[in-house]
Amino acid sequence: MLRPGKMASEAIKPGCEGFWFGHSVITRRPAVIQPSQWQPQRSVFTLAAKRSPKRLKYATQRLFKKGEEMVYVEMDPMVADTWKLEPVVQLIKDGAVGVIPTDTVYAIVCDLRNYSSIERLRRIKGVGNSKPLSILCRSLQDIDIYTTGFPRGNAYGQTNIFRAVKHCLPGPYTFILPASKELPKQCIRSGPSAKYTSRKHVGVRIPDDIICQTILKNLDAPLISTSVKCPAENQWMIDPVMIADIYEPEGLDFLVDGGIRVADPSTVVDMTISPPTIIRLGKGPRLDWMDVEGEDPSAQENLLPLSA
């Protein structure tokens, strides 16, 4: 326990069970649970044990000194105990890379302005520079800063998409927009592909999740993010304890436990073409101003009017 008047950073000592940050308490991650104690999820632990040597080369030095454990903060989404997130906010400002919940799946995040943290995030996730990263934004103002923004319509008949998008945010959508010069190059993938044109684009989100929003509102800039998947099977990981077991050895600095989530990612909408086109249908339903890539029948079934 940290006595009043001492710096919060003095609390991060190996072997300590709890620390006092003003009036907040964070705990270290629980001891690794043996597979025998998780019989219904044995297959997941088996997959984790089969990490390939290629994955291990991405193990990266953590923010803390050798021997210190990852910071693990347990949150109850139904209780207003957001004061527990104060140390997490400070860790992010100091350059930490960690995992937080969103309104869809868990995400690995770091400070958008910290270039070394972005590179560590890529190594922890095991993705190269060709893979795009998304931005978790605090507001529409952030989107206008780091992208060219949403089309606002003109006298030549162009639709005012901005007005329609405001009905979707905060919410489970990722909107692909052209990046502005303010966005660090480490966050952008360029080059032709099935889902991105030759111009530089980035996905932006404003999650509708109290834990995620509390962290964002207390930061000076948006977060760079990438979803958490099982390295062996490329499947969404929704159990924070399992995420910690797999990614702490890879160099993760902290994890915010918001409970087990549903494996339902965000709906990705490409706003760089007209009409805006869904390239991945997820938790966010299709609205009447969105087209669907390849005319996916499942997307047609989820068609909702703008007022929904």
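**Close-up views of a predicted protein model**

**View 1. Confidence differs between elements of this predicted model.** Mean confidence in the protein is lowest in helix 2 (residues 53-56), at 30, and highest in strand 4 (residues 98-100), at 98. Residues 190-199 have a pLDDT below 50, and this stretch has 14 contacts in the model beyond near neighbours in sequence. The pLDDT is also below 50 over residues 303-308, a stretch with 13 contacts beyond near neighbours in sequence. Where pLDDT is low, the predicted coordinates should not be read in detail. For the protein, the average pLDDT is 75, and 67% of the residues score at least 70.

**View 2. Helix 3 covers residues 86-93.** Its buried residues include Pro87, Val88 and Val89. Leu91 and Ile92 are buried as well. In an α-helix there are 3.6 residues a turn, so residues three or four places apart point the same way. After helix 3 comes Gly95, which has a positive phi, near 105°.

**View 3. Cys168 and Cys230 are two buried cysteines.** Cys168 has a relative accessible area of 4%. Cys230 is at 6% relative accessibility. Both values fall under 20%, so both residues count as buried. With a disulfide taken as a pair of cysteine sulfur atoms within 2.5 Å, the count is zero.

**View 4. The protein has nine helices and 13 strands.** Of its 308 residues, 49% are buried. Among contacts between residues at least 6 apart in sequence, 66% join residues at least 24 apart. The exposed area is about 15,200 Å², and carbon and sulfur atoms supply 53% of it.

Terms used. Residues numbered from 1 in each chain as written. Predicted model: local features only at pLDDT ≥ 70, side-chain atom pairs only at ≥ 80, totals over all residues. Heavy atoms only, no water. pLDDT = per-residue confidence, 0-100. Helix = DSSP H or I, 4+ residues; strand = E, 2+ residues; numbered from the N terminus. Contact = heavy atoms within 4.5 Å. Buried < 20%, exposed > 50% of the residue type's maximum accessible area, 1.4 Å probe, protein only. Areas by Shrake-Rupley, 256 points an atom, 1.4 Å probe, with all protein chains shown as cover.
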